[in-house]
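Student: I am new to this one. Please put it in front of us, and I will ask how each label is earned.

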Amino acid sequence: MEHWITEFMTQYGYIGVFILVFLEYVIHPFPSEIILTFAGFMTSQSNLNIFIVCLITVIAAVLGALVLYSIGAFIGEERLYKFVDKRGKYIGIKTQDLDKTIKWLEKYGHWAIFIGRFIPIVRTLISLPAGITKINLPAFILLTAIGTGMWNIFLIMLGKTLGSHWHEILLYVGMYSKVFIIVIAIAALYVIYLWYKRIKTTRAN
């Protein structure tokens with residue numbers, strides 16, 4: 001699969017990157033770790049502009065996520081489970097994956113949309129329960145754009161930095177993903193702290 005993905009992206013450039021990222025966020029056939037790190041490598045070896053690559057990957061991810069959001073809103077939870085139970089194996093989705101994703105959304109609410117974009121499989125599936133529960137659409141789009149943007153840029157820059165050794169990131173991406181989530185969580189808590197401190201100071205005055 002890795003060879004096919006890299007060949008497809010080499011042949012079709014920006015369009016190839018867009019299509020593969022879009023499909024990943026709709027039916028999860030291709031791992032973003034391969035797509036994005038190779039895209040980063042391509043920016044150092046071809047005329048592809050890294051800023052344009054980052055932008056189109058975010059747009060593709062948001063559009064793909066919106067497709068799943070719409071499907072979730074249309075078919076509902078019961079029919080979704082029936083579909084995954086019967087045909088999920090053909091697109092690499094298990095009932096357990098769906099259970100995990102729904103629990104994430106129930107536990108973390110809107111934050112699950114953002115955090116879920118850094119976690120394999122959940123990154124794609126989180127859009128379905130978001131649609132089922134009809135989470136506020138503008139918030140869904142914004143959190144998806146921010147989450148996928150940070151994850152995409154992270155991997156694209158790694159691919160560009162590693163150059164011809166871009167594929168080595170696949171050995172460590174699990175570790176980087178966990179570290180990245182921790183860093184994001186700390187940053188989010190810090191922002192919340194500053195926001196709370198500002199409100200407290202304003203009320204005191």
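Student: Why is Thr148 called buried?

Tutor: Its relative accessible area is 0%. Buried means under 20%, exposed means over 50%, and partly exposed lies in between, with a 1.4 Å probe and protein chains only. Thr148 falls under the first cut-off, so buried is the word.

Student: What kind of model is this, and what do the values rest on?

Tutor: This is a predicted model, where local features need pLDDT of at least 70 and side-chain atom pairs count only at pLDDT 80 or more, while totals for chains, interfaces and linings use all residues. Residues are numbered from 1 along each chain as its sequence is written, and side-chain values use heavy atoms, without hydrogens or water.

Student: How confident is the prediction, and where is confidence lowest and highest?

Tutor: pLDDT is the predictor's confidence in each residue, from 0 to 100. The protein has a mean of 77, and 73% of its residues reach 70 or more. Helix H9 (residues 169-204) is lowest, at a mean of 60. Helix H8 (residues 137-162) is highest, at 86.

Student: How many helices and strands are there?

Tutor: Nine helices and zero strands. These are DSSP runs numbered from the N terminus: helices are H or I with at least four residues, strands are E with at least two. Read from the N terminus, the order is α-α-α-α-α-α-α-α-α.

Student: Back to Thr148. Where is it, and what does it touch?

Tutor: Thr148 sits in helix H8. Contact means heavy atoms within 4.5 Å. Not counting residues up to four places away in sequence, Thr148 touches Tyr25, Val58, Ala61, Val62 and Arg117. A polar atom of its side chain also lies 3.5 Å from the backbone oxygen of Ala145. Thr148 and Ile59 are 89 residues apart in sequence, yet their C-alpha atoms are 9.3 Å apart.

Student: What makes the link between Thr57 and Asn152 a polar contact?

Tutor: The distance between their side chains is 3.3 Å. A polar contact is a pair of N or O atoms within 3.5 Å; within protein, one must be able to donate a hydrogen and the other to accept it, and residues adjacent in sequence count only if both atoms are side-chain atoms. The 3.3 Å value is within that limit, so the distance test is met.

Student: Are these two residues buried or exposed?

Tutor: Thr57 has a relative accessible area of 0%, so it is buried. Asn152 counts as buried too, at 0%. Thr57 belongs to helix H3 (residues 50-87), and Asn152 to helix H8.

Student: What else surrounds Thr57 and Asn152?

Tutor: Leave aside neighbours within four places in sequence. Thr57 then contacts Val17, Val21, Leu36, Asn152 and Ile156. Asn152 contacts Tyr25, Leu36, Thr57, Val58 and Ala61. The side chain of Thr57 also has a polar atom 2.8 Å from the backbone oxygen of Cys54.

Student: Why is Tyr12 called partly exposed?

Tutor: Its relative accessibility is 41%. That value is between the 20% and 50% cut-offs, so partly exposed fits. Tyr12 is in helix H1 (residues 2-27).

Student: What makes Tyr12, Ile15 and Ile19 a patch?

Tutor: Patch members have over 30% relative accessible area and no salt bridge (a side-chain nitrogen of Lys or Arg within 4 Å of a carboxyl oxygen of Asp or Glu). Like charges are joined within 9 Å, and nonpolar side chains (Val, Leu, Ile, Met, Phe, Trp, Tyr) within 5 Å. Tyr12, Ile15 and Ile19 form a nonpolar patch, with about 280 Å² of accessible area together. Such areas come from the Shrake-Rupley method with a 1.4 Å probe; for residues, only the protein chains shown count as cover.

Student: What stands out about Lys134?

Tutor: Its phi is positive, about 55°, although it is not a glycine. Most residues other than glycine have a negative phi. Lys134 lies in the loop between helix H7 (127-132) and H8. At 55% relative accessible area, Lys134 is over the 50% mark, so it is exposed.
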